[in-house]
Amino acid sequence: MLTFSRNKIVSIHKKDNRTLRARGILEDDIYGMEVDVDITLPDLEIAWIDGKWSRMENRECPRAIPFLQEALGLRLTEEGFSRKLQKTVGRKSCRHFANILLECCEAAIEAAAVTDSITAESGDEKARSERIVKKAAQTMEDKDKNELSHGRKGTAAESLRKSSSKGMVIDLHVHSAEASPCSSAPLNDLIEEAKRIGLDGICLTDHNHVWSREAIDDLQAKYQFLILRGNEITTDQGDMLVFGFEKDIKGIVDLGELRKMVLKADGFIIAAHPFRGFLTFGIGQLGLTPEKAMARPLFQHVDGIEVLNSKVSEKENQFSSRVAAGLALPGTGGSDAHEVEEVGIYATRFFDPITCEEDFLKALRRKNYQPIAFRKALKQ
């Protein structure tokens with residue numbers, strides 16, 4: 001039986017009176033990496049960084065290592081720290097390195113709050129240190145949210161309604177910088193780009209994050225554009241796109257237990273990029289045929305399969321399509337966008353009108369849709 005696992009470990013120790021050393025390790029069935037970073041006290045500045053691969057996705061991965069140095073000099077307290085890290089390390093190096101580096105920084109903030117160097121005896125110094133830690137914690141928690149302080153104007157459902165023989169095209173897999181540490185795409189820019197290229201809507205599927213209805217209603221009113229909510233949840237059998245389920249799940253969850261909760265909420269589960277990385281080892285070498293893949297237990301717990309995803313190879317997408325067809329499960333398309341220019345690479349065309357989440361869930365269950373290579377079609 002093939003399974004998927006992901007482990008993330010961060011450790012902190014006090015290197016000297018003015019330095020914290022953080023070490024992060026990220027391991028899953030596809031790749032493994034380590035990063036070591038020195039953070040000065042009390043100003044919480046990245047002073048030294050090094051990284052290495054223990055297992056790589058492809059031969060291009062080692063080229064990411066030198067770009068880790070882009071993080072040198074960044075302060076955890078500075079405004080826009082998370083986004084700046086994603087735009088430098090995430091784009092130039094590797095978004096996985098950026099992800100584990102952010103975890104190291106969050107752990108350093110917590111460690112700084114209790115280290116002797118921060119809690120000095122001097123009242124002035126102690127107060128200053130406490131302000132630094134408080135500001136850093138707030139910076140990491142915000143993750144550079146865009147303000148949604150405008151007055152609410154409702155969902156403007158009628159202005160969003162579209163019904164034609166061509167249907168509605170929606171990108172079902174999008175990550176925003178505000179809610180996914182691995183994304184470098186600000187939400188406002190994602191929406192503007194989606195509108196520019198002619199999408200009819202997007203679905204926010206940030207990692208283990210549940211957007212509030214109020215925030216989404218505000219965005220829809222502001223942009224007069226269909227925005228739907230989802231959640232990419234990490235399970236013991238891989239990543240799942242979950243819709244119509246608002247429980248805040250953290251960490252890795254048992255897929256069978258998740259299925260029970262989603263069914264109770266009358267939600268919908270789509271297996272995201274179910275064969276990502278399998279061609280790194282070679283499906284032939286693994287002896288994996290579509291027939292054997294169909295027998296994987298995870299497919300007993302999902303309602304659909306993502307068969308077009310821009311983060312996997314064409315062969316892996318084709319393999320997913322064959323498995324979906326063999327199981328008579330609907331196939332969907334989503335960009336898995338982590339950059340603004342990626343939104344709409346793949347999407348799903350619905351032939352039912354969708355104006356809200358209730359319409360969306362009904363449409364998913366009716367299976368009256370098809371995955372499409374949207375940006376490619378624009379060029380034809």
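This is a short walk through a predicted model, from a strand and a nonpolar core to a helix and its aromatic rings.

Let's begin at threonine 40, which is found in strand E3, spanning residues 32–40. Is this residue buried or exposed? Threonine 40 is buried, because its relative accessible area is 18% and the cut-off for buried is under 20%. Leaving aside neighbours within four places in sequence, threonine 40 is in contact with Arg18, Thr19, Glu45 and Ala47.

From here we can step into the largest nonpolar core, which has 34 residues. Which of them have the most contacts inside the core? They are Ile46, Leu76 and Phe97. The elements that give two or more residues to this core are strands E2 (19–28), E3 and E4 (46–55), together with helices H1 (81–93) and H2 (95–112). H2 gives the most, with 11 residues. Isoleucine 46 is a good place to pause: not counting residues up to four places away in sequence, isoleucine 46 touches Val37, Asp38, Ile39, Ala71, Leu72, Gly73, Leu74, Leu76, Phe81 and Cys105.

Now for the aromatic rings. A pair of rings is described by the distance of the centres and the angle of the planes. A search of the whole structure finds 6 aromatic pairs. One of them joins phenylalanine 275 and phenylalanine 319 edge-to-face, at 4.9 Å centre to centre and with 85 degrees between the planes. Phenylalanine 275 lies in the loop between strand E10 (268–271) and helix H8 (278–281), while phenylalanine 319 lies in helix H11 (residues 314–327), so the pair ties together parts that are 44 residues apart in sequence. Both phenylalanine 275 and phenylalanine 319 are buried.

A further edge-to-face pair is formed by phenylalanine 350 and phenylalanine 360, with 5.9 Å centre to centre and 65 degrees between the planes. Phenylalanine 350 belongs to strand E13 (residues 347–350) and phenylalanine 360 to helix H12, 10 residues apart. Both phenylalanine 350 and phenylalanine 360 are buried. Ring pairs also take in other residues here, linking Phe243, Phe350, Phe360 and Tyr369 into a cluster.

Let's finish with helix H12 itself, which covers residues 357–366. Its buried residues are Glu357, Asp359, Phe360, Leu361, Ala363 and Leu364. An α-helix has 3.6 residues a turn, so residues three or four places apart point the same way. H12 is followed by lysine 367, whose phi is positive, near 65 degrees.

Note on methods. Residues numbered from 1 in each chain as written. Predicted model: local features only at pLDDT ≥ 70, side-chain atom pairs only at ≥ 80, totals over all residues. Heavy atoms only, no water. Helix = DSSP H or I, 4+ residues; strand = E, 2+ residues; numbered from the N terminus. Buried < 20%, exposed > 50% of the residue type's maximum accessible area, 1.4 Å probe, protein only. Contact = heavy atoms within 4.5 Å. Core = buried A, V, L, I, M, F, W, Y, C linked by side-chain atoms within 4.5 Å. Phe/Tyr/Trp six-rings, centres within 6.5 Å; stacked < 30°, edge-to-face > 60°.
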